[in-house]
Amino acid sequence: MTAGTSEKEAAGQLLDNLYLDMFHLIEEHTQCRVNLERSNASGAILLARTRFQHGGSNSVSTAQIPTENSAEFNALCRVVDSEDGICVERQAVDKSKGYVEPLHWFSVLPPMSLRHAVSKFKDCIELVAESTNLQRQLGEALDWIAKLRQIALLN
Amino acid sequence: MLKSTIVDPRVRLVPSKKLLEFLDSQKEYLPEVTENLAKIMKQKGFTLPLNIQIIKDKEVVCKRPKIDHPLLKKLTENIKFTSEKPLKNKPDSSKEKDNDEETPNEKKNFLLLSDLHWLNNTLVELRRQDHCQVFLHQLIDTCELILPENELKPRNPELEARCERLRAEQHNRDYLKMTKNVDAGLKHYPEDTISYQIKSLNKQIIAVVQFIFSVAAGFTFGFFGVNLMVGPLPFGFRILLGVIVALIIALAEMYFLAKKLHEYDEVLDAPKRKQQATTPVKRKVVAKPPTEGSQVQTLKPHAD
């Protein structure tokens, strides 16, 4: 009888913790999304400013982006999916190994606002990865809750 | 309607009657209560004993609880994961019940995460002292969870009007550009007066004449100037010198000429159309073939 109650206690406590964890994850996930939105918006604004300052459409445009026919290069940033979630892996720029700095497609001396925009968008990628991890954890917590609720002990 | 940024990312929980009644029944065992919860209890008509300490939200430790994964696995081992439907139905039904019970006025009372943490700690304590055997999940089962949501903001009407105007202008410009080659009447649409055409022609002619003049001057310098400075030179060499100097100047001048002419093109293409407020009136006075006139009139609403 005592063993039964203690087990029930443990299970109930576990479910409570799972619920609390779920609330925490929801909050964190929301915060993460809000940050993502902010950093994306300010990146876009900076990009717009770059175009504005350089007058017209000939400062930053899609025509400067390499096409299928241009030389190959390696990705600077990769998403790695490991055991404890997604993380973003970055490579240093190294022309001899094929890592090209994309900023230099637009000009040799990129304006300050463009540099800032780049850093904002880089932050965005990190935030997306973080958000994904949180979402996964949240899904996991919800799964556990659903499973645990079906235990006879708690009903 | 536009979605604005989420201002408050906190999770909120509308306390159910069951929860409040439970707290009311256990109040003599509670050493302390969070500020928020005390306020809610007061509003709902429950009284708290005087010796209860009211603590600030910040004083409650809010940490993500550690989850005992081995135990979790052990407990759920023999449970097959069934479809989520029963689970989904449950909160829905409780939500509806809550919605029926509560008036919108009561919706301002929320439990926040810190309150839930406090509640959990208190319940652990109460269970340890054997006052009750209630779990947090049983209490919040009937509560409505309010997730952070984007506020919907109506678009500023001024901005909307401005956008509308700009869009119309853009469309009109595109249309004129498109039909420029098709309709002979539109070819010189805003600049149909002779003076305007001569003026714009003049600018280009001047640019070209400047080019020719500077090339000629360069040749003259090479042909005569060097000869005068250095002394008598053979005729062939003088011509060669003149051509070389003229070529250099022509190259430099060509660059500027191309730039200037390109500018004219752009100017002619776009912003000049803004000044057409007066021209359409003139057009009406001047006798034109009826087809063209109708064209212009259909365009007019676009322009403004």
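Visitor: What makes a residue of chain A count as buried, and what share of its 155 residues does?
Guide: A residue is buried if 20 or more other C-beta atoms lie within 10 Å of its own, exposed if 12 or fewer, and partly exposed in between, with the C-beta atoms placed from the backbone. By that count, 20% of the 155 residues of chain A are buried. Mind that this is a predicted model, where local features need pLDDT of at least 70, side-chain atom pairs count only at pLDDT 80 or more, and totals for chains, interfaces and linings use all residues. Residues are numbered from 1 along each chain as its sequence is written, while chains are lettered from A and ligands numbered from 1 in the order in which they are written.

Visitor: Which elements does chain A have, and in what order do they run?
Guide: Two helices and two strands, running α-β-β-α from the N terminus on. The names come from DSSP runs numbered from the N terminus: H or I of at least four residues for a helix, E of at least two for a strand.

Visitor: Why is A:E28 called buried, exposed or partly exposed?
Guide: A:E28, which sits in helix α1 of chain A, has 18 C-beta neighbours inside 10 Å, so it lands in the partly exposed class. Its C-alpha atom is 7.5 Å from that of A:L134, although the two are 106 residues apart along the chain. A:L134 itself is one of the buried residues of α2(A), a list that also includes A:W144, A:K147 and A:E130.

Visitor: How do you know what span to expect for α2(A)?
Guide: The expected span is 1.5 Å times one less than the number of residues. For the 38 residues of α2(A) that gives 56 Å, and the end C-alpha atoms are 55 Å apart, so the two agree.

Visitor: And what does the same check say about α7 of chain B?
Guide: Residues 157-179 make 23 residues, which should span 33 Å; the end C-alpha atoms are 33 Å apart, so this agrees too. α7(B) is hardly covered, with one buried residue among its 23. It also has the highest mean pLDDT among the elements of chain B, 91, whereas α4 (residues 85-101) has the lowest, 39. pLDDT is the predictor's confidence in each residue, from 0 to 100.

Visitor: Where does pLDDT drop below 50 in chain B?
Guide: One such stretch is residues 83-106, which has 13 contacts in the model beyond near neighbours in sequence. Residues 271-304 also stay under 50, with 21 contacts beyond four places in sequence. A contact here means two C-beta atoms, placed from the backbone, within 7 Å. For chain B as a whole the mean pLDDT is 72, and 70% of its residues reach 70 or more. The predictor gives the complex an ipTM of 0.70 and a pTM of 0.61.

Visitor: What makes up the side of chain A that touches chain B?
Guide: The contact takes 27 residues from chain A and 28 from chain B. On the chain A side, α1 (2-53) and α2 (112-149) are the elements that give two or more residues, and α1(A) has the largest share, 20 residues. By class there are 14 nonpolar, six polar and seven charged residues; Ala, Val, Leu, Ile, Met, Phe, Trp, Tyr, Cys and Pro count as nonpolar, Asp, Glu, Lys and Arg as charged, and the others, Gly among them, as polar.

Visitor: Why is a group of residues called a nonpolar core, and which members of the largest one touch the most others?
Guide: It is a set of buried Ala, Val, Leu, Ile, Met, Phe, Trp, Tyr and Cys residues joined through C-beta atoms within 7 Å. The largest has 36 residues, and A:L15, A:L18, A:Y19, A:L148, B:L13 and B:L136 touch the most other members. Elements of both chains give two or more residues to this core, including α1 and α2 of chain A and α5 (113-128) of chain B. α1(A) gives the most, 10 residues.

Visitor: What class does B:I55 fall into?
Guide: With 17 other C-beta atoms within 10 Å, B:I55 is partly exposed. Its place is strand β4 (residues 53-55) of chain B. Leaving out residues up to four places away in sequence, B:I55 touches B:E32, B:T34, B:E35 and B:V60.
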